[in-house]
Structure formats: structure tokens, C-alpha cells
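Colleague: Could you take me through one part of this model slowly? I am new to reading sheets, so please explain the terms as you go.

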Amino acid sequence: MRVLVAPDKFKGSLTASEVADRIADGLESAGVDSLRMPLADGGDGSVDAAVAAAFVPHPVTVAGAAGTPTYGQIAVGDGTAVVEVANTCGLATLPNGRGLPLDASSLGMGQAISQALRHRPRRLVLALGGSASTDGGMGLLAALGFTFTDGSGTRLRACGRNLARVRTVDSSRAVRLTGIEIVVAGDVTNPLLGPDGAAAVYGPQKGATAAEVEFLDAGLNNLVRAFARSGYPDALTIASTAGAGSAGGIGFAALLLGGTIVSGAEFFLDLLEFDRHLPEVDLVITGEGSIDEQTTNGKLPTVLARRAQPVPVVAVVGRSTLSPDQWCAAGFTGIYSLGDYSDGDTAGDPELTRQLLVRIGRQIGRATAVPA
């Protein structure tokens, strides 16, 4: 009996590697051999997942979401560089975790990309989950040499507060990315503008009031029109593309640079050669912090379950709201929820989470082990 342990992170509690290690410890204590494959879907933990797949980590020092120095990391391997928003200018880089809906910037992501380019990648993977800003990618583009000026020619700081002031965009001194494939990995399908756009849907999660959401959406609209006036006639079409609204509009900026938006779950399963390992295993264990009805709409666990067929898949999660009938429809033979093993708050107690994952791993191992 051999098991592939391939979870995502338990957000706010344990990394995907920690989850995989604890489940594997439980399996080992039951005499079951396992292969560990920490996963990501384009959100935070994407660089860690690449490193776990033998990519080389490289530290980077960039501007965090509030402009303060932040120590992040990129991953480079086999001509591919992986850069993520979360560890460069994401929510976790905000001082004291306090949202700055108008003043947060994506500058740090662009700075990390600049450092990744020193490794001369043929493919640049942008993982956009966990963003703190709604600046339409102004910060990212500014770090790559774009300049944004108002009607009087004054250069503007790249942030949501200044979106409405942009009159002209100058890309004449921008870094050239010719010959580099730009892949945007994520699961957000929102356009940039309107009621389903970056500001309206995700602004409140970043601390924006109703008035600030309206201000940011109008500013993003103005930014698109500034690009259209400045040599990007397809800017409005690009803004309407599914995924342009990801990461506060960084998706829009990436599309302007020639990027392609793909399913983060599918991409990372391919990058980590998930399918290649399936013939070697009898069971796959996946998981994440929470599984609910949204999980069935292209989220990592259900994408994995579909690709694993006919190998059975069980999920280990912090909490689940799915019924057994929904488990089967989503492709799982079973779901183990930490909440069924403790009355404690596992989301806020990493050590309890570790202990329960070992216990559940042991239970799965004993249930599936075949005597020699």
C-alpha cells in the first residue's frame, strides 16, 4: 500500500508542507508508505510548492503592500520562475494586518519579477492570490519601468488612491519581456470593472468601505481609458477578460504584458507532475482548511479528485459543510474534518491541528493498510 499525500495549505494555520508532513507521520505510524506533494492553486504557498518540487528558492527584498521593506522569496527551476503576490506585497505584509484599501500597492510584486528576470527564465509564473491592493497593477508595472502621470505631467505614486488621477501612461522605458511566456495562475474569473469587478467583489475584503469601492472602481475605469489613450487600444477589451480583476487588477496588468490566465489548480498539478505519480499509488489524500460548495467549482481538491480517477481520493480538512452525497459528486470517497475530532479552534491553534492531522493520518493508514 502506498499513499500520495497532496494537500493545499490550511490557511492561517499550516503550510501545505506542514500538512503533508503531519499526515505522512500518521500514515507511517500505521505502517503505510507515502509520497508527499505539497500543492498550491496560485495563491499563497505557490513558491513553497515549487520549492518542494525541487525548484531553487531565492530570497528577494521588496516593498510590501504598505511600502515597507519585505523579505520574500521566488522559486526558479528548469527555465521557469515562480513569483507570488502573497509573500511580496500581499495581505500578510501589511503592518499589524490593518487593511489599506486606497494606499496599498503591488509595487513589490513588480520588484520581485524584476529580480526573477535576472535568472533569464523562459517562463514567468505569476501567482496572484492573497493580494492587499486594488491598484489595477499600477505598482507592478511601475516597478517594470512604466510611468503614470496626471494632467499636469506630475508623476503619480502607484496605488488605488491615484487611479482616478492617471491621464497618461508611458511605457517607453519599460522592461521588455519578449520571448518570455507569462502565465497567470489563479482561480479568479472576475473582470476588472463593474459589479463583478476587482473593487466591488474583493475591495471589502481588503477593508474598503462602500464609498471607497465606488471610488476604486471609477479609478480603475479611468486607468483603462488612460491606457487606451496611451498606445493600448485593446485595454477595454482586456479589462473585460475573465481574470483581469484578480489580485486587485494585477491580472489586468499581466494581460497587458502579454500574459495568459490559466487555472492555478491545473497548472500546479502539471508543474509538480501529479499525473506521473498516480500509477505508483493506491490512494491519494488531499485537503485544505475548508471544503464547501464553492470547492466544487474548480477549486484544487476537486480538480485533483477528477484527475486522480480511478485512484480513490480522501480529503482531510479543517471544516466541511458537504454532505456525503456531495462528497461522492465531488469525487471523494471520504472526508475527514478536524472539527469532528476536537471541540477546540483548530484554525487558531496550529499545534492542535498538527496533532489531529497525525491522528487522522494514522486512522486512514490503519483502515487502508494491507497485511503482508
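Which residue in β6 does V82 stand opposite?

Modeller: Happy to help! This is a predicted model, so to speak of local features we need pLDDT of at least 70, and side-chain atom pairs count only at pLDDT 80 or more, while totals for chains, interfaces and linings use all residues. Residues are numbered from 1 along each chain as its sequence is written, and side-chain values use heavy atoms, leaving out hydrogens and water.

V82 stands opposite V125 in β6. Strands here are DSSP runs of E, at least two residues, and helices are runs of H or I, at least four, numbered from the N terminus. Five bridges join β5 to β6, and the two run parallel; strands count as paired if DSSP finds at least two bridges between them.

On the other pairing of β5, β4 and β5 are antiparallel over three bridges, with V76 opposite A81. These two strands form a hairpin with two residues between them, and D78 in the turn has a positive phi of about 50°.

Now the side chains. In a regular strand they alternate between the two faces of the sheet. From β5, T80, V82 and E84 point one way and A81 and V83 the other, and all are buried, meaning under 20% relative accessible area with a 1.4 Å probe, protein chains only (exposed is over 50%, partly exposed in between).

Stepping back, six strands form an open, mixed sheet in the order β3-β4-β5-β6-β9-β10. β3 and β10 are at the edges with a single partner strand each, so one side of each has no neighbour in the sheet.
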